[in-house]
Each structure stands twice: as structure tokens, then as C-alpha cells.
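Biologist: Could you walk me through this fold, one question at a time? I'd like to hear the reasoning behind each reply.

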Amino acid sequence: MLRYAVLGSGSSGNSYVFSDGSTSVLFDQGYSVVELTRRLSQFNIPLETIKGLCVTHLHPDHARGVGVLARKTKIPVYMHDKTIEQEPSRIRKLNIPDAQLVPVMVSQSSQIGPFSLFCFETSHDSTGSVGWFIIHEDQQCMILTDTGHTTEEHQ
């Protein structure tokens, strides 16, 4: 059974998790690893079940903890290829190991365990800002955050 939790949403940090009990996917990581682990534990989701991290955009409240988590856990980090290409200095500051950074094109499907994911562009003021569609078995969900307006695709 698919579970999800908003681990935090606000200027001090943002993070969302989807889990089927054995595999979890994290969306955004605006916290320290210690704080993320504490928040995950409130929902009985061990950090070790996180098998991928998808980033919506590079504002610090969504991305400040991405590099540390990637280095500590060795998980892949999925990010819109436009962000990677057009924000190299911001990517370098996050210090994500190159082997773990996975560029994703809009509407390109990515597989993380039983999860199928694909991103779509949003209107936020951060280069390459995206939302994510999440498909797990017969369930579909969407992460849409910090967007100025919605489109038919978002609905």
C-alpha cells in the first residue's frame, strides 16, 4: 500500500516522501540529514528505504540538504536537465557526486523500484523548476509546489 507524508512545507524547509514500506522516494530535501531522519521516523519510514531523491527546484528551502544526503546514502538525485545545464555553479555548491546526479528531461519516465516518475515544467522563478508525477501500481499522485499558475497538464 502506498503511503505519503509531507515532512515539511515552508520557508525553513520542504520535503515529501512516498513509500510502499520497502522502497521510498523523497521529493526535495531542505533539511539536515539528522532533521530529515527525525521527520521520517515520525511516519515509521527508515532513512535506509529512500532509494531516490527527486528535486523540484534549487531554492535552499527545497535543496539545501540534497548534497549531504546524496553523499551519505549514495542514492541517485533526479533533477531536470535544464537545471543541471543552466545552473552549474548552484549544482557544484550542493556537492552532489557526479555519478549520483541523474538528469531527467520533461516527460521522460524514470524508475525507482516500483515507482514510475516523470517531471513536468512549472512556472516558478527557479531555472528548470518542475513538478513530479508519481505512479505506483494503480495509484497516481503529483507533487506541485511553488508554482505561479497551473495548466491543464497539472490538473
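Biologist: Happy to start with the sheet: in what order do its six strands lie?

Modeller: Keep in mind that this is a predicted model. The sheet is open and its pairing is mixed. Strands of a sheet pair through backbone hydrogen bonds, either parallel or antiparallel. Read across, the order is S1-S2-S3-S4-S5-S6.

Biologist: Which strands are the edge strands?

Modeller: Look for strands that pair on one side only. That description fits S1 and strand S6, residues 101-104. Neighbouring strands of this sheet are turned by 20° against each other on average, direction ignored. The edge strands, then, are S1 and S6.

Biologist: Let's stay with S6: which of its residues is the bridge partner of Met 79?

Modeller: Strand S5 covers residues 77-80 and runs parallel to S6, with four bridges joining the two. For Met 79, the bridge partner in S6 is Pro 103.

Biologist: Now a helix: at about what angle does H1 run to S1?

Modeller: H1 spans residues 33-41. This helix lies across S1, S2, S3 and S4. Relative to S1, H1 runs at about 135°.

Biologist: Why are the buried residues of H1 on the same side?

Modeller: Those buried residues are Val 33, Leu 36, Arg 39 and Leu 40. An α-helix has 3.6 residues a turn, so residues three or four places apart point the same way. The cover over the buried residues includes S1, S2, S3, S4 and helix H3 (66-73). They sit on the same side of H1 because the arc they cover around the axis is only 125°.

Biologist: Moving to a loop, is Thr 23 buried or exposed?

Modeller: Thr 23 sits in the loop between S2 and S3. Leaving out residues up to four places away in sequence, Thr 23 touches Phe 18, Thr 49, Lys 51, Ile 112, Gly 113, Pro 114 and Phe 115. The cut-off for buried is under 20% relative accessible area. Thr 23 has 11% relative accessibility, so this residue counts as buried.

Biologist: One last residue, and a friendly one to finish on: what is the relative accessibility of Ser 110?

Modeller: Ser 110 belongs to strand S7, residues 110-112. Its contacts, not counting residues up to four places away in sequence, are Tyr 78, Val 104, Phe 115, Ser 116 and Leu 117. Ser 110 counts as buried, with a relative accessibility of 7%.

Terms used: Residues numbered from 1 in each chain as written. Predicted model: local features only at pLDDT ≥ 70, side-chain atom pairs only at ≥ 80, totals over all residues. Heavy atoms only, no water. Buried < 20%, exposed > 50% of the residue type's maximum accessible area, 1.4 Å probe, protein only. Arc of directions from axis to C-beta. Contact = heavy atoms within 4.5 Å. Pairing = 2+ DSSP bridges. Axes fitted to C-alpha atoms, helices over the stretch in contact; angles between N-to-C directions.
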